[in-house]
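User: I am new to this structure and would be grateful for a close look at its charged side chains and the way they pair. Please begin with the setting in which they occur, and then take the pairs in turn.

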Amino acid sequence: MFGLKRNLVTAGALALSVGLGGATTSAQEFINVLTGGTSGVYYPLGVALSKIYGDNIEGARTQVQSTKASVENLNLLQQGRGEIAFALGDSVKSAWEGDEEAGFPQKLDKLRGIAAIYPNYIQIVASEESGIKNFEDLKGKGLSVGAPKSGTELNARRIFDAMGMSYDDLSKTEYLPFGESVELIKNRQLDATLQSAGLGVSSIKDLAISLPVTIVSVPESVAETLGAPFVAATIPAGTYEGQSEDVPTLAITNILVTHEDVSEETAYQMTKQLFENLDDMVAAHAAAKAISLENGPKGVPLPLHPGAERYYKEKGLM
């Protein structure tokens with residue numbers, strides 16, 4: 001009877017699978033990759049990561065789940081409803097500390113780090129006709145700040161606070177994912193969108209091709225006010241259609257996170273295969289060019305999983 005139940009569980013894991021290609025063993029390993037909205041950067045990178053794991057981790061069956069990103073991902077990991085997730089560094093820090101305002105009523109004590117990956121850039125984009133040139137010009141305008149309680153929306157709140165402003169200064173505040181925000185701007189129903197994502201995010205590329213836009217600057221002083229994990233950064237000229245100059249903004253490192261119930265061997269393989277297949281990640285999205293093995297264990301605001309630690313020690317990084 002026990003053998004029958006085990007076979008049924010294995011069959012169920014296979015039925016859920018989307019990542020075929022790993023060598024089959026008697027012990028199936030299911031890896032659910034938690035990402036973000038399909039128009040962001042987490043999703044294409046998550047699809048690539050899922051394929052890497054399916055192809056290179058023996059017995060692994062993988063699935064990609066589109067979510068509301070950082071905050072939801074971290075809560076799902078705590079519940080054991082995913083094996084690896086993309087999340088913003090400040091959200092990870094808040095989850096580990098149990099910051100209720102950030103969406104974590106209790107410390108998410110099961111979370112463990114895999115790697116620091118690429119930086120998210122705060123990218124505020126306004127239609128040219130809105131007349132918005134700088135952050136203060138957002139006063140009296142309509143802005144989408146990201147999905148409610150998402151990592152992007154938490155970033156937005158912190159930046160507004162550091163600028164001595166609040167959502168009350170806006171004429172309209174929308175809480176929408178990237179793609180939906182862009183559609184409202186295209187339809188002249190919204191002035192601007194704030195998106196925390198890797199450079200070259202598809203939603204903003206689409207908007208910049210569709211109509212003239214302004215990339216709105218964020219003063220360097222905001223990074224100084226907020227402190228780590230926020231740093232001053234630049235969106236290079238030419239990142240988006242019609243962007244002729246560098247634009248100052250903020251950046252926050254993204255973290256790949258797992259939880260303590262994932263086996264040491266699986267966490268080791270998830271770390272190893274990420275860094276040994278970076279070309280596949282870059283092919284999925286250019287933001288992955290910023291991922292490096294040397295930075296993997298740096299600045300992760302919670303304990304690393306023992307499996308990830310083992311890999312970094314093998315590479316002489318710990």
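Analyst: **Charged pairs and their setting**

The accessible surface of the chain comes to about 13400 Å², and carbon and sulfur atoms account for 49% of that area. The model is a predicted one. Of the 318 residues in the chain, 53% are buried.

The secondary structure consists of eleven helices and ten strands. With a radius of gyration of 20 Å, close to the 20 Å that the globule rule gives for 318 residues, the chain is as compact as a globular protein of that length. Along its principal axes, the C-alpha trace spans about 70 × 35 × 35 Å. Among contacts with a separation of 6 or more, 75% join residues that are 24 or more positions apart.

The chain carries 26 positive and 39 negative charges, and the mean positions of these two sets are 5 Å apart. Side chains of opposite charge can pair when their charged atoms come close. A search of the whole structure finds 13 salt bridges. Several of them are described below.

One salt bridge joins the side chains of K51 and D55, with an N to O distance of 2.7 Å. Both residues belong to helix 2, which covers residues 42-56, and they are four residues apart, about one turn of the helix. An α-helix has 3.6 residues a turn, so residues three or four places apart point the same way. With a relative accessibility of 53%, K51 counts as exposed, because the cut-off for that class is over 50%. D55 is partly exposed, at a relative accessible area of 32%.

A second pair consists of R157 and E153, whose closest N and O atoms are 3.0 Å apart in a salt bridge. These two residues lie in helix 5 (residues 151-162), where a spacing of four residues separates them by about one helical turn. R157 is partly exposed, at 25% relative accessibility. E153, with a relative accessible area of 4%, is buried, since that class takes in values under 20%.

A further salt bridge is formed by R310 and E264, the closest N and O atoms being 3.0 Å apart. This pair links distant parts of the chain: R310 is in helix 11 (residues 306-314) and E264 is in helix 9 (residues 264-276), with their positions 46 residues apart in the numbering. R310 is partly exposed, at 28% relative accessibility. E264 is also partly exposed, with a relative accessible area of 40%.

Salt bridges also link D90, D99 and R158 in a network. One member of this network, D90, is among the buried residues of helix 4. That helix, residues 89-97, is mostly covered, with seven of its nine residues buried. Beside D90, the buried residues of helix 4 are G89, S91, V92, S94, A95 and W96.

The buried residues of helix 4 pack against several other elements of the chain. Three helices and strands among these are helix 3 (70-78), strand 3 (84-88) and helix 5. Strand 4 (111-127), strand 9 (230-235) and strand 10 (247-259) also take part in the packing. Just after helix 4, G98 takes a positive phi of about 75 degrees.

Definitions and conventions:
Residues numbered from 1 in each chain as written. Predicted model: local features only at pLDDT ≥ 70, side-chain atom pairs only at ≥ 80, totals over all residues. Heavy atoms only, no water. Salt bridge = Lys/Arg side-chain N within 4 Å of Asp/Glu carboxyl O. Buried < 20%, exposed > 50% of the residue type's maximum accessible area, 1.4 Å probe, protein only. Contact = heavy atoms within 4.5 Å. Rg over C-alpha atoms; globule rule 2.2 N^0.38 Å. Areas by Shrake-Rupley, 256 points an atom, 1.4 Å probe, with all protein chains shown as cover. Lys, Arg positive; Asp, Glu negative; His and termini not counted. Charge placed at Lys NZ, Arg CZ, Asp CG, Glu CD.
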